[in-house]
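Me: I should like to understand the reasons behind some of the terms applied to this model. Please set each value against its definition.

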Amino acid sequence: MIFLKLNGLVLAKEKIKENDALIYILTKNYGILKCLGKSIFRISSKNLNLMETGNLNRFLILTNFSQFKIISALPIKTTGKIFKKNPYLFLWSLRLLSKLKFPETPRFIWFVSTHLENYLAQNPQSFPYWFLYHLLKERGYEIDLENCSDCNRKLKNFAFFNNRRGLYCFYCKKNNYQLIEKKDLERARQIKNVIKIPQNIPVFLKKIIKNSFTYDH
Ligand SMILES: [Zn+2]
């Protein structure tokens, strides 16, 4: 058994037995760790507040790399005002992350999830789509907004949308495909920005994102 000292973001907790809990924490180097929190729910436990979803803590963990046990935790950042403003979105984002598996957490995802309050404050309406787009990208399923899904020709002045996941050029479109104009295509491409969440996301892109995303990814 060895001790690990690391920063971890609490994604979820499950009560097991009477006072114990399983706590899912997102870490930079080990992805998501499922840790045993002994006696967390005991009334005298000072750790219960620290294990609130969304809190960032400095953890001391005892492990043999198949099981992990929290020995202690110190707060770095606790969920604040924005959590109260956008609680559902906040919890949705963290719950979504807790279902994914990464050997280590991609830098972008680590940054966004430890600064969720800033991103949510920027634009709560566009955030979920922006976040899903980038999650897909990090997992190797980048949505192609540049090239035709069939022939790979570069899409320049307009595109056609099959109402599912693909954009097509003039030569590959079918009759019932929807025309996407240049300004909407350009507006859609703003979603690639990792710092700034776009004000408006075109409806066709929202559809592509929804259709592309399943928990299996
Ligand atoms: Zn084409």
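Reply: The answers below concern strand pairing, a hairpin and two loop residues. This is a predicted model, in which local features need pLDDT of at least 70, side-chain atom pairs count only at pLDDT 80 or more, and totals for chains, interfaces and linings use all residues. Residues are numbered from 1 along each chain as its sequence is written.

Me: Why are strand 6 and strand 8 said to pair?

Reply: Two strands pair if DSSP finds at least two bridges between them. Strands themselves are DSSP runs of E with at least two residues, numbered from the N terminus. Strand 6 (residues 158-161) and strand 8 (residues 178-181) are joined by 4 bridges, so they pair, and they run antiparallel. Ala159 stands opposite Ile180 in strand 8.

Me: What makes strand 6 and strand 7 a pair?

Reply: Strand 7 (residues 167-168) shares 2 bridges with strand 6, in the antiparallel sense, and therefore meets the definition. Phe161 has Leu167 in strand 7 as its bridge partner. The two strands form a hairpin with 5 residues between them.

Me: Why is Asn163 called exposed?

Reply: A residue is buried if 20 or more other C-beta atoms lie within 10 Å of its own, exposed if 12 or fewer, and partly exposed in between; C-beta atoms are placed from the backbone. Asn163 has 12 such neighbours and therefore counts as exposed. In the hairpin turn, Asn163 has a positive phi of about 70°.

Me: Why is Ser39 called partly exposed?

Reply: Ser39 has 14 C-beta neighbours inside 10 Å, so it counts as partly exposed. Ser39 is in the loop between strand 3 (31-37) and strand 4 (56-63).
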